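User: I would like a close look at a single part of this structure, explained for a first-year student. Please describe its surroundings and then place it beside other points of interest.

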Amino acid sequence: MRLKNLLFWIAALLAFFLDQLTKYWVVQTFSLGQTQALLPGVFHFTYVTNTGAAFSLLAGKVEWLRWLSLGVSLALIALASFGPVLHLWEQLGYGFILGGAIGNGIDRFVLGYVVDFLDFRVINFPVFNLADVFINMGIVCLLIATFQKTPTSNRR
């Protein structure tokens, strides 16, 4: 039996495992609030927790966000399992979004917050994590998929 939408599952597993591995490393290596400059004033690893959504949006809404993460994850699993065979960019996009949603969702259910550590200071951006990166990569992949689809003709 061949698994349908194989790239979807690979992208989801890759995103999930990289997210969880890096969060584990940060928690084991840094104290909460500790920062380590990789490029001083530009890019740091800074261990913070986030009770909101990506980039600290909706801070304090962890209860609502945990259920949203679960709902999105279940919908994407159903799409890949029971829906049509997706095109390459759709598989990658939905897979990356699933991996990120599960990564942050597990944090919300287990810890009550999300572990963030990627700190771009040159643009004064909120601290974020790889799950957020993968969710945004997934959105970019879906945009590429949208632009690559050829319009259908209504010729008779």
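Analyst:
**A close look at threonine 49**

Threonine 49 has a relative accessibility of 35% and therefore counts as partly exposed, since that class lies between the buried limit of under 20% and the exposed limit of over 50%. The model in view is a predicted one. Threonine 49 belongs to strand β2, which covers residues 43-50.

The surroundings of threonine 49 come next. When residues up to four places away in sequence are not counted, threonine 49 touches Leu32, Tyr113 and Val114. A further relation concerns glycine 112: 63 residues separate threonine 49 from glycine 112 in sequence, while their C-alpha atoms are 9.5 Å apart in space.

Two asparagines may be set beside this residue, with attention to the backbone angle phi. Most residues other than glycine have a negative phi. Asparagine 5, however, has a positive phi, near 60°. Asparagine 5 sits in the segment before α1, the helix of residues 6-29. With 3% relative accessibility, asparagine 5 is classed as buried, because the limit for that class is under 20%.

Asparagine 124 also has a positive phi, near 50°. Its place is the loop between β3 (114-120) and α4 (130-148). The relative accessible area of asparagine 124 is 72%, so this residue is exposed.

In terms of accessibility, then, threonine 49 is partly exposed, asparagine 5 is buried, and asparagine 124 is exposed.

Notes: Residues numbered from 1 in each chain as written. Predicted model: local features only at pLDDT ≥ 70, side-chain atom pairs only at ≥ 80, totals over all residues. Heavy atoms only, no water. Helix = DSSP H or I, 4+ residues; strand = E, 2+ residues; numbered from the N terminus. Buried < 20%, exposed > 50% of the residue type's maximum accessible area, 1.4 Å probe, protein only. Contact = heavy atoms within 4.5 Å.
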